[in-house]
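I opened my notebook to look up how some helices pack and what sits in the core. Here is what I jotted down.

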Amino acid sequence: MEKAELIKTLKGLVGEKSTDKDAVYDFIVDKAWETVCNYCRIDTVPEGAKNTLLGMCVDMYRLENYGEEQAGETARSITEGEVSVTFGTASSPADNPAAAFLKDYAYELNRYRKAGW
């Protein structure tokens, strides 16, 4: 599984056609690769986990807003009387359940996990 192939596939999955963010995609693939290897206690990502790795990359790209100057904000609270809107980011697992190990990929990766002693 070549890194260049993973980056090309990731760019296609997120709809990117330019090369403006190649460093961001490189970082995301490296980070997801490292996460899978560390979690599974292995040296390389198995071919059978390629789609799981790509799913993690897409989620990281969308959730973490890498390459953006400012993190995406969501409305935290809205008050109608005297109009008030509070914004914030959903970066913690409590605020954004999907960020908890990026959709719980542990289930998919457990088949590749080695016992740690």
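Before I start, a cut-off: an angle between axes counts as oblique if it is not under 35 degrees (roughly parallel), not over 145 (roughly antiparallel) and not 65 to 115 (roughly perpendicular). I also note that this is a predicted model.

**Entry 1: a helix pair.** I looked up helix 1 (residues 3–14) and helix 3 (residues 50–64), and they pack at an angle of about 55° with their axes 10 Å apart. Helix 1 and helix 3 are therefore oblique to each other. The crossing of helix 1 past helix 3 is right-handed. On the helix 1 side, I found Glu5, Leu6, Thr9, Leu10, Leu13 and Val14 making the contact, and on the helix 3 side Lys50, Leu53, Leu54, Cys57, Val58, Tyr61 and Arg62. Sorting the residues of this contact gave me 9 nonpolar, 1 polar and 3 charged.

**Entry 2: the core.** Next I checked the largest nonpolar core, which has 28 residues. Among those with the most contacts inside it are Leu10, Cys57 and Leu109. Helix 1, helix 2, helix 3 and helix 5 (106–109) each give it two or more residues, and helix 2 has the largest share, with 9 residues. Which residues does Cys57 touch, not counting those up to four places away in sequence? I got Leu10, Ile28, Val29 and Ala32.

**Entry 3: an odd phi.** Most residues other than glycine have a negative phi. Arg41 has a positive one, near 60°. I found Arg41 in the loop between helix 2 (22–40) and helix 3. Buried or exposed? Arg41 is partly exposed, because its relative accessible area is 41%, and partly exposed runs between 20% and 50%.

Terms used. Residues are numbered from 1 along each chain as its sequence is written. This is a predicted model: local features need pLDDT of at least 70, side-chain atom pairs count only at pLDDT 80 or more; totals for chains, interfaces and linings use all residues. Side-chain values use heavy atoms; hydrogens and water are left out. Axes are lines fitted to C-alpha atoms, for helices over the stretch in contact, and angles run from 0 to 180 degrees between N-to-C directions. Helices (H or I, at least four residues) and strands (E, at least two) are DSSP runs, numbered from the N terminus. A crossing is left-handed if the near helix is turned anticlockwise from the far one by less than a right angle, and right-handed if clockwise. Contact means heavy atoms within 4.5 Å. Ala, Val, Leu, Ile, Met, Phe, Trp, Tyr, Cys and Pro count as nonpolar, Asp, Glu, Lys and Arg as charged, and the others, Gly among them, as polar. Buried means under 20% relative accessible area, exposed over 50%, partly exposed in between (1.4 Å probe, protein chains only). A nonpolar core is a set of buried Ala, Val, Leu, Ile, Met, Phe, Trp, Tyr and Cys residues joined through side-chain atoms within 4.5 Å.
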